[in-house]
Amino acid sequence: MQLDGLIHDLPQTAKLFLTAFVIVLSIGYVTGLMFVTQTDSHTPVGMEQNYLGNEAVESPEVMKFEKGEREMLTILHTHILSLSFIFFFMGVLVAITSIPKRLKAVIMVEPFVSIVLTFGGIFLLWKGQTWVKYIVMLSGIAMTLCYFAGVFVVLKGIWTSPKK
């Protein structure tokens with residue numbers, strides 16, 4: 001079955017549906033990024049304090065306590081599952097675009113590597129391996145860049161004609 005470039009041949013209603021899906025999904029993704037910023041987890045120190053607490057810090061602006069095992073398992077479980085579905089659906093849409101195969105493979109596969117590195121890293125950070133906070137940040141950035149690259153490629157594929 002030929003998938004490459006299939007997105008260009010979809011009926012108008014399917015294109016509208018997929019556009020609405022990608023836009024609403026992106027609103028949800030951006031909301032998640034805003035939450036990360038709100039919890040100060042977008043900096044190495046903030047990330048460490050978010051999971052390990054900041055009781056030892058003298059006069060913290062906001063007091064944070066170490067996450068318990070149940071809370072960590074909930075965070076990891078929900079994020080790994082939901083992000084896997086998000087990137088599965090985006091990967092299917094990227095698969096039917098007409099971009100080069102290597103770029104397509106990176107946009108489709110890299111987010112799954114980043115999910116494992118990001119949330120495995122968060123788990124290790126919570127277990128006291130504080131050096132992984134840098135891996136968590138880099139993999140989170142890579143995941144987000146791939147997400148928005150996928151959004152761009154999909155929307156461009158939906159609304160432009162293929163090059164012949």
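What pattern does the protein chain follow when read along the sequence? In this predicted model, the answer is α-α-α-α-α. The count behind that pattern is five helices and zero strands. Taken along the principal axes, the C-alpha atoms fill a box of roughly 65 × 25 × 25 Å.

Some overall numbers set the scene. The protein chain has 164 residues, and 37% of them count as buried. Its accessible surface comes to about 10,100 Å², with 70% of that belonging to carbon and sulfur atoms. As for contacts, if one takes those between residues at least 6 apart in sequence, 71% join residues at least 24 apart. On the charge side, there are 12 positive and 11 negative side chains. The centres of these two sets lie 18 Å apart.

Aromatic side chains give plenty to look at, with nine aromatic pairs in the structure. Take Phe21 and Phe89: their ring centres are 6.1 Å apart and their planes stand at 85°, so this pair is edge-to-face. Phe21 belongs to helix α1 (residues 12-38) and Phe89 to helix α3 (residues 69-95), so the pair ties together parts that are 68 residues apart in sequence. Neither ring's residue falls in the buried class: Phe21 counts as partly exposed at 28% relative accessibility, and Phe89 counts as partly exposed at 40%. Phe89 also pairs with Phe88, again edge-to-face, at 5.6 Å centre to centre and with 70° between the planes. Phe88 is partly exposed too, with a relative accessible area of 47%. Put together with Phe85, these residues make up one aromatic cluster of Phe21, Phe85, Phe88 and Phe89.

Helix α1 has another residue worth a stop, Thr19. Is Thr19 buried or exposed? At 13% relative accessibility, Thr19 counts as buried, because the cut-off for that class is under 20%. Leaving aside residues up to four places away in sequence, Thr19 touches Leu155, Ile158 and Trp159. One of these partners, Ile158, is 139 residues away from Thr19 in sequence, yet the C-alpha atoms of the two are 7.7 Å apart in space.

Gly32 sits in helix α1 as well, but here the label is partly exposed, at 34% relative accessibility. How far apart in space are Gly32 and Val45? From C-alpha to C-alpha the gap is 19 Å, for a separation of 13 residues in sequence.

A second glycine, Gly128, is found in the loop between α4 (101-126) and α5 (133-159). Its relative accessible area is 41%, so Gly128 is partly exposed. Gly128 and Tyr51 are 77 residues apart in sequence, and their C-alpha atoms are 9.8 Å apart in space. Tyr51 has a charged partner of its own: the charged end of Lys67 sits over the Tyr51 ring, 5.9 Å from the ring centre.

Methods: Residues are numbered from 1 along each chain as its sequence is written. This is a predicted model: local features need pLDDT of at least 70, side-chain atom pairs count only at pLDDT 80 or more; totals for chains, interfaces and linings use all residues. Side-chain values use heavy atoms; hydrogens and water are left out. Helices (H or I, at least four residues) and strands (E, at least two) are DSSP runs, numbered from the N terminus. Buried means under 20% relative accessible area, exposed over 50%, partly exposed in between (1.4 Å probe, protein chains only). Contact means heavy atoms within 4.5 Å. Accessible areas come from the Shrake-Rupley method with a 1.4 Å probe; for residues, only the protein chains shown count as cover. Lys and Arg count as positive and Asp and Glu as negative; His and the chain ends are not counted. The place of a charge is taken as NZ of Lys, CZ of Arg, CG of Asp or CD of Glu. Rings of Phe, Tyr and Trp (its six-membered ring) pair if their centres lie within 6.5 Å; planes under 30 degrees apart count as stacked, over 60 as edge-to-face and the rest as tilted. A charge sits over a ring if NZ of Lys or CZ of Arg is within 6 Å of the ring centre and within 35 degrees of the ring normal.
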